Amino acid sequence: HRHCVQRRHATLMFKELRKHPADYLMLVSVLAVFFFGFFAVWPNVLLQQSFALAIALAYFLWGIMHHRNEKSLTARIVLEYFFVSLFAGSVLFLLTL
């Protein structure tokens with residue numbers, strides 16, 4: 001059963017990628033630039049912390065805009081993007097300490 005669920009999720013994700021390739025290309029590009037920037041400014045902790053915040057904010061805003069454009073934006077989706085962004089940003093921020 002678990003294998004069928006995993007396969008179904010993978011199929012849905014590939015459909016989503018094929019349906020909106022420009023959206024996901026933009027997401028990957030922006031996150032890659034910020035991620036590499038995060039390491040490029042080492043050992044400047046303040047700049048790294050700024051990049052951590054920028055990465056989290058970019059992911060959050062991308063998710064909101066993507067779902068708004070799809071007319072699928074709900075409070076649950078906003079919270080999901082908020083908490084994933086908060087977690088990822090916090091991990092990167094903690095790496096700077």
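Q: Why are α3 and α4 called roughly antiparallel to each other?
A: In this predicted model, α3 and α4 pack at an angle of about 165°, with their axes 8 Å apart. Angles over 145 degrees count as roughly antiparallel, so α3 and α4 are roughly antiparallel to each other. Their crossing is right-handed.

Q: Which residues of α3 and α4 meet?
A: Happy to point you to some of them! On the α3 side they include Q49, A52, Y59, F60, W62 and H67. On the α4 side they include I77, Y81, F82, G89 and F93.

Q: What makes the set with Y24, L27 and F60 a nonpolar core?
A: A nonpolar core is a set of buried residues of certain kinds, Leu, Ile, Phe, Trp and Tyr among them, joined through side-chain atoms within 4.5 Å. The largest such core here has 7 residues: Y24, L27, F60, W62, I64, I77 and Y81. The elements giving two or more residues to this core are α2 (21–40), α3 (45–69) and α4 (75–95). The largest share, 3 residues, comes from α3. As a general point, nonpolar side chains in soluble globular proteins tend to be buried together.

Q: Which residues does W62 touch, leaving aside those up to four places away in sequence?
A: W62 touches D23, Y24, L27 and Y81. Among these partners, Y24, L27 and Y81 belong to the largest nonpolar core, as does W62.

Q: How do you know that H66 counts as buried?
A: The cut-off for buried is under 20% relative accessible area. H66 is at 3% relative accessibility, so H66 counts as buried. This histidine has its place in helix α3. With residues up to four places away in sequence set aside, H66 touches E16, H20, D23 and Y24.

Q: Why is the aromatic pair of F38 and F39 called edge-to-face?
A: A search of the whole structure finds 8 aromatic pairs, and F38 and F39 form one of them. Their ring centres are 5.0 Å apart, and pairing needs centres within 6.5 Å. The angle between the planes is 90°; planes over 60 degrees apart count as edge-to-face, so the label fits. F38 and F39 also form one aromatic cluster together with F35 and F36.

Q: Are F38 and F39 buried, partly exposed or exposed, and why?
A: Buried means under 20% relative accessible area and exposed means over 50%, with partly exposed in between. F38 has a relative accessible area of 1%, so F38 is buried. F39 is at 44% relative accessibility and therefore counts as partly exposed.

Notes:
Residues numbered from 1 in each chain as written. Predicted model: local features only at pLDDT ≥ 70, side-chain atom pairs only at ≥ 80, totals over all residues. Heavy atoms only, no water. Buried < 20%, exposed > 50% of the residue type's maximum accessible area, 1.4 Å probe, protein only. Helix = DSSP H or I, 4+ residues; strand = E, 2+ residues; numbered from the N terminus. Contact = heavy atoms within 4.5 Å. Phe/Tyr/Trp six-rings, centres within 6.5 Å; stacked < 30°, edge-to-face > 60°. Axes fitted to C-alpha atoms, helices over the stretch in contact; angles between N-to-C directions. Parallel < 35°, antiparallel > 145°, perpendicular 65-115°, else oblique. Left-handed = near helix turned anticlockwise from the far one by under 90°.
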